[in-house]
Amino acid sequence: MTKQTVNAKKEKIRTPIARIIVGGISSPYYSIMYYDSSDGFMHIGFGSYDLSIVRKWFAEEFEVTGECNFACVTRCRDCANFRQNAHGVCWCDEYGGAITPNDYCSRAVSDKQPRASIPWEAD
């Protein structure tokens with residue numbers, strides 16, 4: 001077998017869902033968010049400031065099967081643990097840290113139950 005043949009048969013990461021996401025403060029930073037069936041968690045990796053590099057990694061490293069057998073990805077704003085005060089500061093009751101409404105929730109509680117109103121939270 002030649003070296004080229006060995007590289008051609010490299011096993012890809014099989015996942016039911018994978019997306020290129022963007023973050024960063026001063027300039028866009030691109031990463032791949034994907035579900036790992038072996039541990040049951042979403043992961044973010046393969047990051048770069050160069051979108052073309054991340055697209056190349058996405059094509060070379062991932063095989064998206066589309067065979068979803070888990071709950072949909074939830075944004076923090078749609079989780080029952082999401083809180084926001086009158087000043088717009090957001091946090092997660094479960095995680096305990098600062099978040100933004102558009103973050104992806106790793107501890108999603110999908111059934112939003114009515115809760116007691118807390119005076120310092122925004123309506």
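In the hairpin formed by β3 and β4, 4 residues lie between the strands, and G40 adopts a positive phi near 75°. Please keep in mind throughout that we are looking at a predicted model. The two strands of this hairpin, β3 at residues 29–36 and β4 at residues 41–48, run antiparallel and are joined by 6 bridges. One of the facing pairs is D36 with F41 of β4. Another is Y34, which stands opposite H43 in β4.

On its other side, β3 takes part in a further hairpin. Here β2 and β3 are separated by 5 residues, and G24 in the turn has a positive phi of about 105°. Again the strands run antiparallel, and 6 bridges join β2 to β3. G23 stands opposite Y29 in β3, while A18 has Y34 as its bridge partner in β3. Y34 is thus a residue to follow in both directions: A18 pairs with it from one strand, and H43 in β4 lies opposite it from another.

Taken together, these strands give an open sheet of 3 strands in the order β2-β3-β4, with antiparallel pairing. The edges are held by β2, residues 18–23, and by β4; each has a single partner strand, so one side of each has no neighbour in the sheet. From one strand to the next, the twist averages 30°. As for β3, the strand is mostly covered, with 6 of its 8 residues buried.

What lies across this sheet? Helix α2, residues 51–61, lies across β2, β3 and β4, and runs at about 130° to β4.

Let me turn to two phenylalanines. F46 is found in strand β4. Its phi is near 55°, which is a positive value in a residue other than glycine. Is the side of the chain at F46 buried or partly exposed? At 28% relative accessibility, F46 counts as partly exposed, because buried would require a value under 20%.

The second phenylalanine, F62, has its place in strand β5, residues 62–64. F62 is buried, because its relative accessible area of 5% falls under the 20% limit. Which residues does F62 touch, leaving aside those up to four places away in sequence? The contacts are K12, I13, T15, A18, I32, Y34, F46 and W57. With I32 in particular, F62 is separated by 30 residues in sequence and by 9.7 Å in space, C-alpha to C-alpha.

Next, the nonpolar cores. The largest has 7 residues, namely C76, C79, F82, C90, C92, I99 and C105. A second, separate core of 6 residues includes A18, Y30, I32 and Y34. In general, nonpolar side chains in soluble globular proteins tend to be buried together.

Two cysteines of the largest core deserve individual mention. C90 counts as buried at 5% relative accessibility, and C92 is buried too, with a relative accessible area of 7%. Beyond the residues up to four places away in sequence, C92 touches N81, G97 and I99. How many disulfides does the structure hold? The number is 0. A disulfide would be a covalent bond between the sulfur atoms of two cysteines. Five entries in the core list invite that question, among them C76 and C105, yet the count for the structure remains 0.

I shall close with the overall figures. The protein has 2 helices and 7 strands. Read along the sequence, their pattern is α-β-β-β-β-α-β-β-β. Of the 123 residues in the protein, 23% are buried. Among the contacts with a separation of 6 or more, 49% are between residues 24 or more positions apart. The accessible surface comes to about 8900 Å², and carbon and sulfur atoms account for 52% of that surface.

Key: Residues numbered from 1 in each chain as written. Predicted model: local features only at pLDDT ≥ 70, side-chain atom pairs only at ≥ 80, totals over all residues. Heavy atoms only, no water. Core = buried A, V, L, I, M, F, W, Y, C linked by side-chain atoms within 4.5 Å. Buried < 20%, exposed > 50% of the residue type's maximum accessible area, 1.4 Å probe, protein only. Contact = heavy atoms within 4.5 Å. Areas by Shrake-Rupley, 256 points an atom, 1.4 Å probe, with all protein chains shown as cover. Disulfide = S-S within 2.5 Å. Pairing = 2+ DSSP bridges. Axes fitted to C-alpha atoms, helices over the stretch in contact; angles between N-to-C directions.
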